[in-house]
Amino acid sequence: MIVLVVDDNPDWCMKLQAILEEDGFSVLTAQSNQEARTILSEQSPLVAVLDLKLDESDLSKDEGFALLEEVHSLGLSEEIYSIILTGYATPARTRYAFTKYNSVIDFFDKSRLSSQIKEFRQAVRKAAVRAAQHLPLAARDSAVTALVVDDNPDWCMKLKAILEEDGFSVLTAQSSQEAMRILSEQPTLVAVLDLKLDESDLSKDEGFALLEEVHSLGLSKTIHSIVLTGYGTYKYVRAAFAKYGVVDFFEKNRFDLQVDEFLEAVRVAAAKAPHHPLLAAWDSASTSLDLSELEFSVSVSRVAKHIENVLGLPPYPSTRVSTYQRLSAVILNVSEAFSHNLLPDALPLMFLRRSRLLQEDLDHMRDLLAKQLDILSHIALLALFCEESDLQCVRQLLDKVHQTYAYDILPLSRSDLLQIIVAKDRQQALQEFVTSRVDLVTISPFSITGPASDNMFFGREKELREITEHAATVSYAIVGGRRIGKTSILVQLHRLRLPAVGFRVFYYQCQRLSDSEPTHQQFLEALSREWLDLTDFTPSSFSEILVRLSGDYPLVFLFDEVDRLIPADQAEGWPLFGELRALAESGHCQFVFAGERTLREAIKKGTSPLFNFANTMSLGRLDSPAVEELVTRPMGQLGIRLTEQASIVQRIWDFTSGHPNVVQRLCHQLIVRLNERQDRCLMPGDVEAVVEDPTFQRDDFYDVYLEQATVLERILPLVLAQDGDEPYTLSDVCRLLDRRLHLVDHSAKKPRAAEVDAALRRLAILRSILDYTSNGYVFAIKAFPRVIARWGQVTIADELMILMEKYRDYGDLTEDEIEQREYG
């Protein structure tokens, strides 16, 4: 701690320097205002001892007052506390100094100082403590400083370890004298005090003496205390709480059972301290609303910097403050703070330079986010310096921004910030603040189209491990129905699994080919454009592409939806798949194909190069533990609480039977339902309401299971569901078809037994709707017959009539194949 002594008498400078250095201060001296100004510009003294009349040859000159005035006008009076020492003390001078300059701590007459050395030293210490607690924000560390005072070194070490693990910067003292010295040198917001510091003499209340001294210095509102003692009585507790504003009280003999409560008390005490760096910066910004745009931007930049420090956020690459109209904005880098990728990596924090949100501000926010900030986030925070009672009106206005522009603007008040600060995990608290207020549908990870994201990929570890371990020597054919997870597996292999074990991987989605049945040549040219970025290269074989891709790493090629390639290649004599098989068998590379019915049939055909080429991997429904993960983990990330979690998961499993896309569709509808009622608590009744909804049953359950199914695959479940006499042999199914289809249409074309058998097998292997047992076929999806039964006989009859008409006209084809026939 630096103390500046200013006196034109060198003897007094030396005398005061000796007194203060004896007390442990670092002392600088000046014998004129000019010399004092130089020191102030180069050093950072926190206490000044001033001679009011520096020029004794001319008593009309109040040079000491001139220096005080200059310090005050430069805005340093809250950083430098002064002790006035003069040979010309009068009541008028004293009143003037104390009234105008609130940084003046005390006033001493030189002629009486020798009898007041003790009081002078106490005044300097008082000034030093106050100055340390009011250090400028820029001079503070991001961690809040806590002071532990206990004469037992073991307790000091124990409390220090606990508090440091919670993110505090901790100082320790084993006596009240040491504690006061620390308070004079360090900005401290929390003190943990042992009331009985001297255990050798229980009559000494040294802890209370320290509380009294802190209180007498006017710091009991600045330094919040937690009392910890082995001698807790109601007398002690009442006295500490009543007089000194103690935050909480803990007994040492029960401390180990109350560590969490102790840490919570310390965090609350730190956050409530008026000079908490972040809250002080916030309060400073709230008083800057009438200042210029530049001055306000400086204030909000300081707030953002302290948010980064307190929450441990790395700085965002662009640190500038963007301004537009009455708004200023910074970007918080929350890529490491948010534990999942449901939320954006960059979070805009906007500040409004007025105390009320107006209609015009809504358009300005949209323009600021869309045009000035170079990020894609549709979620932002809006710091508001308004009364808590005005927040409801603010939220209503911000709802309009969401409805009109699809932006989620979340109001952030001082009390919101306080709750984040006092949390044990502040980054988690920020994440929970955002997820509890944002539109759930906006950040919902439940996807009804496309491959599953990394954080939604569950239940396929066995398949991934097998392919990864054998990809150097074995090719695979993944066969499964629509939306069962084939593409998700390929994406995982492409992005993560195979590159991690040293493979160079190339992926192609065959649905991107414009022709429904592309030729061998069209496919090769598409690969050349995709992988080689060559438009003037026309490969005649896959080997020509392979040569250009070869390198030091083994190659694996992933082809999705290969059903589109098979018909044309078969018609041409299998040039493509014949070459791919030859390359794999020679060890040049390996392949992973994914497809449905056409791929499965080609694999079974003895004349096809796919026969005995790739290991077939049939992809079915998820098991119950995987469904539980798929439901509960994302719900938890969204901050949704599942009441009767086991019951909810079981009902979802019972209805969906583990089809991953149906599970995600069901969960998506649950999110929509919670969002509409602005709730974060999911109950069994919510699940029941969704699964019993006829629209969900038809669009998100029945149609998903039978997407890309053939006409017979659609007819069979309708017929079997009405009978209810499981299991079904092939002859049973043919007899039921005869009876049901005759009732629907007397002229109906009778399906051949071989066609029925093939359709039943596909319903079991591709669609996972049926199971084949030793006694015949049964419904694997127990909800399937129940859903169909709810349609009613008329609806089922109408559906069967339409399907039989298609079967009569086109045979056992899919909807896409029928459409291709109709429109070429």
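A crossing of two helices is called right-handed if the near helix is turned clockwise from the far one by less than a right angle, and left-handed if it is turned anticlockwise. Keep that in mind for the opening exercise. The model you are looking at is predicted.

**Exercise 1. Two helices that meet**

Task: Find how helix H18 and helix H19 are placed, and which residues make the contact.

Solution:
- Step 1. Locate the pair: H18 covers residues 461–470 and H19 covers residues 486–500.
- Step 2. Packed helices are described by the angle between their axes and the distance between those axes.
- Step 3. Here the axes come within 11 Å and cross at roughly 55 degrees. Angles under 35 degrees count as roughly parallel and 65 to 115 as roughly perpendicular, so H18 is oblique to H19.
- Step 4. As for handedness, H18 passes H19 in a right-handed crossing.
- Step 5. On the H18 side, the contact is made by Glu-461, Glu-463, Leu-464, Ile-467 and Thr-468. H19 contributes Ile-489, Gln-492, Leu-493, Arg-497 and Leu-498.

**Exercise 2. A phenylalanine in a loop**

Task: Is Phe-457 buried or exposed, and which residues does Phe-457 touch?

Solution:
- Step 1. Phe-457 sits in the loop between helix H17 (440–443) and H18.
- Step 2. The relative accessible area of Phe-457 is 15%. Buried means under 20%, so Phe-457 is buried.
- Step 3. Leaving aside residues up to four places away in sequence, Phe-457 touches Ala-452, Leu-464, Ser-488, Ile-489 and Gln-492.
- Step 4. Take Ser-488 from that list: Phe-457 and Ser-488 are 31 residues apart along the chain, yet their C-alpha atoms are separated by 7.6 Å.

**Exercise 3. An open sheet**

Task: Work out the order of the strands in the open sheet of five strands, and say which strands stand at the edges.

Solution:
- Step 1. The order reads E11-E12-E13-E14-E15, and the pairing is mixed.
- Step 2. E11 (322–324) and E15 (408–412) stand at the edges; each has a single partner strand, so one side of each lacks a neighbour in the sheet.
- Step 3. From one strand to the next, the twist averages 30 degrees.
- Step 4. Now look at one pair: E14 (residues 379–383) and E15 run parallel and are joined by five bridges. Ala-380, for example, has Ile-409 in E15 as its bridge partner.
- Step 5. Add a helix: H12 (residues 293–311) lies across E11, E12 (327–333) and E13 (346–352), and runs at about 20 degrees to E12.

**Exercise 4. Positive phi values**

Task: Where do Trp-574 and Ser-768 lie, and are they buried or exposed?

Solution:
- Step 1. Most residues other than glycine have a negative phi.
- Step 2. Trp-574 is not a glycine, yet its phi is positive, about 65 degrees. Trp-574 lies in the loop between helix H22 (566–571) and helix H23 (575–585), and its relative accessible area of 12% makes it buried.
- Step 3. Ser-768, also not a glycine, has a positive phi of about 60 degrees. Its loop runs between helix H32 (753–765) and strand E23 (770–773). Ser-768 is buried at 7% relative accessibility.

**Exercise 5. Cysteines**

Task: How many disulfides does the model hold?

Solution:
- Step 1. A disulfide needs a pair of cysteine sulfur atoms within 2.5 Å.
- Step 2. By this rule the count is zero.
- Step 3. For Cys-386, the nearest cysteine sulfur belongs to Cys-393 and is 9.5 Å away, and Cys-386 is in no disulfide.
- Step 4. Cys-386 counts as buried at 19% relative accessibility, and Cys-681 counts as buried at 14%.

Terms used: Residues numbered from 1 in each chain as written. Predicted model: local features only at pLDDT ≥ 70, side-chain atom pairs only at ≥ 80, totals over all residues. Heavy atoms only, no water. Buried < 20%, exposed > 50% of the residue type's maximum accessible area, 1.4 Å probe, protein only. Pairing = 2+ DSSP bridges. Helix = DSSP H or I, 4+ residues; strand = E, 2+ residues; numbered from the N terminus. Axes fitted to C-alpha atoms, helices over the stretch in contact; angles between N-to-C directions. Contact = heavy atoms within 4.5 Å. Parallel < 35°, antiparallel > 145°, perpendicular 65-115°, else oblique.
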